[in-house]
Amino acid sequence: MSIGMEVKLWNDKREREMYDNFAELFAIIKATERLEKAYVRDIISPQEYELECQKLITHFKTLASTLKDTVPSIERFADTYKMECPAAINRLVISGVPATVEHRAAAAASTSTSAAIVAECVQNFITSMDSLKLNMVAVDQVYPLLSDLYGSLNKLAILPPDFEGKTKMKEWIARLSKMSAADELTEQQTRQLHFDLESSYNSFVAALPNAGT
């Protein structure tokens, strides 16, 4: 065989097309890996990153669908050709969306969760105060309401550990736990608890981001 003789990788048009697709898949994975590293290092802006990443993901999905019979596992393909592109595999195979989209979704979920907990806290504050106004002052009536309120306040990450509402509710819960279920708060205790609830509620509202705007 002559040294200058060309070695063919394919025997027919179908094989040639397959190898062309392999080369394109290889290029997409490598390009995505470089793009992910550039984004992490702040070499490109989030807007540029998202646009280019979305293009690569779209191309990848189309190609992966075409190659699903010959390349059933992208991870195995990457291993076979010793690509060492973990960031690209994560973005293309596992995530399927640009990192910027993931971050926005996470922020929206966090905001939504916080909003739900804030609403829960408000409801528990109002229910506790209304119950006292309706003269529901037995320990087995007051205790669960304060316990629910204390629990919801502890779920809200924006409140510091020493937040007034947490401290006062914890004190009241400790006090009530030493009493019998049928015991009732005195008029003085009821007035003090209502005052503490109202004061804590005002502090709670003031502690919320953008309060009063």
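1. Just after helix α4, G96 adopts a positive phi of about 85°. The model is a predicted one, and this backbone value should be read accordingly. Helix α4 itself spans residues 86-95, and its buried residues are A88, I89, R91 and L92.

2. The protein is divided into domain 1, residues 13-97, and domain 2, residues 109-207. The C-alpha centres of domain 1 and domain 2 lie 53 Å apart.

3. The largest nonpolar core has 24 residues, of which L146, L153, L193, L197 and F204 touch the most other members. Four helices each supply at least two residues of this core: α5 (99-133), α6 (139-155), α7 and α8 (187-207). Helix α5 provides the largest share, six residues. A second, separate core comprises 23 residues, among them L35, Y39, I57 and M83.

4. L153 merits a separate remark. Leaving aside its neighbours within four places in sequence, L153 is in contact with C121, F125, L159, F163, G165, K166, M169 and F204. One of these partners, K166, is the subject of the points that follow.

5. K166 lies in helix α7, which covers residues 164-177. Is K166 buried or exposed? K166 counts as buried because its relative accessibility is 8%, and the cut-off for burial is under 20%.

6. Despite being buried, K166 has no salt bridge. Its nearest side chain of opposite charge is that of D162, 7.7 Å away. A salt bridge would require a side-chain nitrogen of Lys or Arg within 4 Å of a carboxyl oxygen of Asp or Glu, so the D162 side chain, at 7.7 Å, does not provide one for K166.

7. Which backbone atom lies 3.4 Å from a polar atom of the K166 side chain? The atom concerned is the backbone oxygen of P160. A colleague inspecting the surroundings of K166 may therefore view P160 together with D162: the P160 oxygen is at 3.4 Å, whereas the D162 side chain is at 7.7 Å.

8. The wider surroundings of K166 can be listed as well. Setting aside neighbours within four places in sequence, K166 is in contact with Y150, L153, N154, L159, P160 and P161. In addition, K166 and L149 are 17 residues apart in sequence, with a C-alpha to C-alpha separation of 8.8 Å in space.

How values were computed
Residues numbered from 1 in each chain as written. Predicted model: local features only at pLDDT ≥ 70, side-chain atom pairs only at ≥ 80, totals over all residues. Heavy atoms only, no water. Buried < 20%, exposed > 50% of the residue type's maximum accessible area, 1.4 Å probe, protein only. Lys, Arg positive; Asp, Glu negative; His and termini not counted. Polar contact = N/O pair within 3.5 Å; in protein donor to acceptor, adjacent residues only side chain to side chain. Contact = heavy atoms within 4.5 Å. Core = buried A, V, L, I, M, F, W, Y, C linked by side-chain atoms within 4.5 Å. Domains from an automatic or database assignment.
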